[in-house]
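The following report concerns a ligand site and a pair of helices, and is best read alongside the sequence and coordinates.

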Amino acid sequence: MIVTTAQLFKHAYGKYAVGAYNINNAEQAMGLFRGAIESQAPFIIQISKGARAYTDKRMLEAIIRSAGDIFPEAIFAVHLDHGDEQTCYECIDSGFFSSVMIDASHDPFDKNVEISKRVVDRAHAKGISVEAELGMLGGVEEDIKVEDGHATLTNPAEAQEFVKRTGCDSLACAIGTSHGAFKFKGKQSLHFDVLEKIKHLMPGYPLVMHGSSSVPQDEVARINAAGGTIAGSMGVDVNEYLPAAKLGVTKINIDTDGRLVWTRVHREFFRDKPSEFDFRPPGKIFIAEYAKFIASRNKLLGSAGQLADLRASLGK
Ligand code: 13P
């Protein structure tokens with residue numbers, strides 16, 4: 001059942017974070033839904049601009065609709081990840097999305113406000129909620145690359161002004177994470193002080209943590225042992241998900257970790273079976289492994305086991 005992102009946030013706020021997982025194809029969708037049901041967790045499916053263009057946006061929407069039919073117990077929202085203004089309007093008008101993200105965080109403050117506000121007005125007219133971003137995460141997110149030293153943490157006072165002026169429903173804050181597999185050099189460091197200050201200024205307001213993959217080192221080691229060359233990677237400490245949730249983070253974005261599961265499964269499979277050319281056996285292994293990964297993450301986010309209570313609170 002597709003619900004609004006606002007309904008998910010209302011249930012989660014201050015208690016747990018909803019996992020927001022990016023998907024591009026049917027195998028990821030199957031793994032995601034299976035893992036969510038196994039762990040009895042609500043979730044958010046994220047679709048990026050690149051994912052919409054990968055096969056065809058209609059194909060991806062059909063896959064998600066079908067997954068919803070195959071797993072009628074699932075409660076989830078569908079969200080556009082890192083949209084530009086035009087893509088936000090397309091998704092708002094499509095009638096399929098629960099929420100969109102407008103990412104104008106690379107623009108100066110006033111321009112970010114102006115663009116985000118336009119998207120909020122169009123989205124709210126259709127009952128869709130909007131995530132905006134303030135501050136700048138480092139790393140690479142599809143076609144956006146932020147060089148080291150240009151990433152900036154969210155300023156809490158600016159965050160308050162930004163939310164007031166745009167009316168956005170949730171805010172992606174830069175608290176030290178970055179997109180991709182190379183998040184930290186040396187010690188991992190999340191800025192909980194920024195979350196604390198924002199929570200103090202805006203109690204009850206839902207925050208979003210991007211760049212939250214943990215980049216499991218055993219996964220990376222297996223990829224490298226099977227021919228990969230992912231060196232020096234580092235992710236977020238999974239034990240920091242729940243403390244962030246208690247400080248108002250209701251949505252935690254995880255994409256890279258899923259790609260690592262895919263890469264490990266396929267590299268190992270074809271290394272061990274060099275004469276194989278049927279892609280379905282590794283595809284099946286991937287679905288099972290991704291489901292396991294999703295269930296494990298939902299436990300760490302605190303969303304595991306919340307499905308029945310959420311359903312009751314929604315009166316369904
Ligand atoms: P990761 O690269 O850490 O998975 O972050 C994904 C993300 O924030 C998508 O918006």
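## Ligand site and helix packing

In this predicted model, an oxygen atom of the ligand lies 3.2 Å from an N or O atom in the side chain of Asn253. Taken alone, the ligand would expose 310 Å², and the protein buries 99% of that area. Asn253 is one of three residues whose polar atoms are listed below with their distances to an oxygen atom of the ligand.

| Residue | Protein atom | Distance to a ligand oxygen |
|---|---|---|
| His210 | N or O atom in the side chain | 3.1 Å |
| Ser212 | polar backbone atom | 3.1 Å |
| Asn253 | N or O atom in the side chain | 3.2 Å |

The ligand is surrounded by 15 residues, of which Lys183, Gly211, Ser213, Asp255 and Thr256 come nearest. Sorted by class, this shell holds 10 polar residues and 4 charged ones, together with 1 nonpolar residue. Among the secondary-structure elements, strand S3, spanning 76–83, and strand S11, spanning 249–254, each supply at least two residues of the shell around the ligand.

A separate topic is the packing of two helices. How do the axes of helix H2 and helix H4 cross, and at roughly what angle? The axes of helix H2, residues 26–38, and helix H4, residues 57–70, come within 10 Å of each other and cross at roughly 30°. Angles under 35 degrees count as roughly parallel, and H2 and H4 are therefore roughly parallel to each other. As for handedness, the crossing of H2 and H4 is right-handed.

Conventions. Residues are numbered from 1 along each chain as its sequence is written. This is a predicted model: local features need pLDDT of at least 70, side-chain atom pairs count only at pLDDT 80 or more; totals for chains, interfaces and linings use all residues. Side-chain values use heavy atoms; hydrogens and water are left out. A residue is near a molecule or strand if one of its heavy atoms lies within 4 Å of it. A polar contact is a pair of N or O atoms within 3.5 Å; within protein, one must be able to donate a hydrogen and the other to accept it, and residues adjacent in sequence count only if both atoms are side-chain atoms. Accessible areas come from the Shrake-Rupley method with a 1.4 Å probe; for residues, only the protein chains shown count as cover. Helices (H or I, at least four residues) and strands (E, at least two) are DSSP runs, numbered from the N terminus. Ala, Val, Leu, Ile, Met, Phe, Trp, Tyr, Cys and Pro count as nonpolar, Asp, Glu, Lys and Arg as charged, and the others, Gly among them, as polar. Axes are lines fitted to C-alpha atoms, for helices over the stretch in contact, and angles run from 0 to 180 degrees between N-to-C directions. Angles under 35 degrees count as roughly parallel, over 145 as roughly antiparallel, 65 to 115 as roughly perpendicular and the rest as oblique. A crossing is left-handed if the near helix is turned anticlockwise from the far one by less than a right angle, and right-handed if clockwise.
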